[in-house]
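Please open the structure in a viewer and keep the selection tool at hand. The tour moves from paired strands to a helix and then to the surface.

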Amino acid sequence: ARLAENTARVAPLGPLGRLTMASSSAPIVLASATSVTPGGTVIPPGVRVTWSERADRLSLHVEIAEPEEVAVSSTDAGAVAIDADSDERRLEVRLQLFSQIDASKTRWTASGRGVALELSKLRIGRWNVLVAGVTPATIKVDWSQYVDEEEEREAKLYPHGYDTYKMRGAMGKDWGSNVAHELAAQKQLAAINTSRPDEEDEEISCY
């Protein structure tokens with residue numbers, strides 16, 4: 001089967017290069033066993049996609065062994081294309097995301113294990129799924145990077161966590177000074193207390 005391609009392609013500029021557009025109209029020839037979903041997602045055999053999300057962004061890793069000649073493109077409508085040569089094959093991954101993104105903020109980098117992408121959501125909120133339509137079996141949640149909504153909220157409220165050393169660094173050298181002052185006052189009070197435990201209490205009359 002052939003799908004007409006009319007998307008812009010980009011090439012990296014540095015490890016996390018900005019996207020540079022270049023037009024292409026070459027047709028895509030799908031390899032056998034390629035996963036094609038009704039939502040428009042296309043994943044070639046041997047390729048796996050892992051992902052995680054926050055309220056404002058998505059993190060993706062497309063597992064491709066020793067990718068070369070990598071090209072990445074994305075649109076605000078949520079269409080993402082990753083093309084790369086691997087093991088004498090041209091792999092063409094197409095993802096139709098669940099919702100819209102800000103394509104101008106898309107960042108990516110390639111390594112020997114694949115292509116990593118950072119995508120910014122157009123609207124704040126959890127998606128809970130990555131792509132529109134049926135999710136292929138080759139798309140998996142990256143549980144090592146998973147953070148639920150409550151944990152994400154706490155991380156924003158307490159960016160330094162509950163570590164007292166980090167809190168001291170964030171709040172300055174006088175952090176905890178009230179506690180130190182209270183302890184010093186108790187020590188001073190004990191020093192001026194001349195009473196002894198074995199002494200009888202003196203009876204005091206008040207008129």
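Begin by selecting strand β8 (residues 57–63) together with β13: the two pair in the antiparallel sense over seven bridges. Helices (H or I, at least four residues) and strands (E, at least two) are DSSP runs, numbered from the N terminus, and two strands pair if DSSP finds at least two bridges between them. The model is predicted, so local features need pLDDT of at least 70 and side-chain atom pairs count only at pLDDT 80 or more, while totals for chains, interfaces and linings use all residues. Residues are numbered from 1 along each chain as its sequence is written, and side-chain values use heavy atoms, with hydrogens and water left out.

Within this pairing, select S59, whose bridge partner in β13 is E118.

Next, add strand β12 (residues 107–111), which runs antiparallel to β13 and is joined to it by five bridges. The two strands form a hairpin with two residues between them. Here A110 stands opposite V115 of β13.

Now display β13 (residues 114–120) with its surroundings. Five of its seven residues are buried (under 20% relative accessible area, 1.4 Å probe, protein chains only), so the strand is largely enclosed by the rest of the structure.

Move to helix α1 (residues 149–157) and select E152. E152 is buried, with a relative accessible area of 9%. Leaving aside neighbours within four places in sequence, E152 is in contact (heavy atoms within 4.5 Å) with R54, A55, R126 and V147.

Finally, select W143, in the loop between β14 (139–141) and α1. W143 is exposed (over 50%), with a relative accessible area of 62%.
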